[in-house]
Every structure is written in C-alpha cells, then in structure tokens.
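Here is a short, informal tour for anyone meeting this structure for the first time. Take a look at the picture, then read on.

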Amino acid sequence: MYDDLSSEERIIHVCVNIDCALRGAEAVRDRLRQLADDTGSDVEVNDYICFAACEQGPNLLIEHRRAFYSEVEPTDAEAVLAHAEGGDPVQSIDRSGSFIARKIFNMLDAGFKPGDLSLSD
Ligand code: FES
C-alpha cells in the first residue's frame, strides 16, 4: 500500500509557526530535509502553519502514515524519516492518539488536506 504512493503523497508537515519555531522547529525541519536529500528519499518535508497544539511543539504530521509527533528534536529526525518511509513509529514522541491528532485525522477523513495550509509550494 505504501509503495503505491506518489512522491507528492509522501509528506511530512512540520509546523514552523512561532511557538514551534521558538522550540526549535526549523532545526527539526532542516535536519529532516538534509537527511531526505542525503539519503535520496522522495519524502517531502513541508512547512506548516499551525496544528493548534502549540504548547507541545515542535509538532509534525506524517500525513500518509497518520502519525502526529510532538516535542520533536533534530535528533529524532532519522527515526521520523524512517517512519515516513515505512518503518516503525517513534514511540517516545508519538502523540497520534491525542485529542488534537484525532481532530487532525478527522479532517483528513473529511477531505481536508494539510497541504492546503502548507507554507511550502
Ligand atoms: S505553533 Fe506549532 S502547533 Fe501551533
């Protein structure tokens, strides 16, 4: 199933709005992009505007894995990218069962695409 996804469908959305940025989101995003480039990964790493989980940032969503991660550090990037590529979830930062994650997944199920609010092209 995962292998059938196009590169446009393999996306990590990293919130870089002010609260997450102040907690280091840009370093997380930059590390993910560097790793994706270095490894030839076709996973896209997009800037995102806000998940409304600001107090627990940096936050990111792996859209195609239905995974939501919080308090992400640059040192988590390798494991996060591995999950985006089909590996196991990163248990220590996994908030996919949280209230806000369920709301995000509900929006995905309703047809809302996070890319609609992406800051990246
Ligand atoms: S600032 Fe990142 S979730 Fe709101």
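A polar contact here is a pair of N or O atoms within 3.5 Å, where, inside a protein, one atom must be able to donate a hydrogen and the other to accept it. Keep that in mind for later, and also that this is a predicted model.

Let's begin with the sheet. Its four strands form an open sheet in the order S2-S1-S3-S4, and the pairing is mixed. Strand S2 (44-48) and strand S4 (67-69) sit at the edges, each pairing on one side only. From one strand to the next, the twist averages 20 degrees.

Where does the mix come from? In general, strands of a sheet pair through backbone hydrogen bonds, either parallel or antiparallel. Both kinds turn up around S1, as the table shows.

| Pair | Sense | Bridges | Opposite His13 |
|---|---|---|---|
| S1 and S2 | parallel | five | Asn46 in S2 |
| S1 (residues 11-15) and S3 (residues 60-62) | antiparallel | three | Leu61 in S3 |

So His13 is a handy landmark: it stands opposite Leu61 in S3 and opposite Asn46 in S2.

Two helices pack on this sheet. Helix H2 (residues 25-39) touches S1, S2 and S3, and its direction makes about 160 degrees with that of S2. Helix H3 (residues 77-84) touches S1, S3 and S4, and its direction makes about 30 degrees with that of S3.

Is edge strand S2 largely enclosed or largely open? Four of its five residues are buried, so S2 is largely enclosed by the rest of the structure.

Next, a residue outside the sheet. Asp94 is found in the loop between H3 and helix H4 (99-109). With 25% relative accessibility, Asp94 counts as partly exposed, because that class runs between the 20% limit for buried and the 50% limit for exposed. Leaving aside residues up to four places away in sequence, Asp94 touches Phe68, Tyr69 and Pro89. Its C-alpha atom is separated by 9.3 Å from that of Val72, which is 22 residues apart from it along the chain. And here is the polar contact promised above: the side chains of Asp94 and Ser96 are joined by one of 2.6 Å.

Last, the cysteines. How many disulfides are there? The count comes to zero. Cys15 is buried, at 2% relative accessible area, whereas Cys50 is partly exposed, at 28%.

Methods:
Residues numbered from 1 in each chain as written. Predicted model: local features only at pLDDT ≥ 70, side-chain atom pairs only at ≥ 80, totals over all residues. Heavy atoms only, no water. Pairing = 2+ DSSP bridges. Axes fitted to C-alpha atoms, helices over the stretch in contact; angles between N-to-C directions. Contact = heavy atoms within 4.5 Å. Buried < 20%, exposed > 50% of the residue type's maximum accessible area, 1.4 Å probe, protein only. Disulfide = S-S within 2.5 Å.
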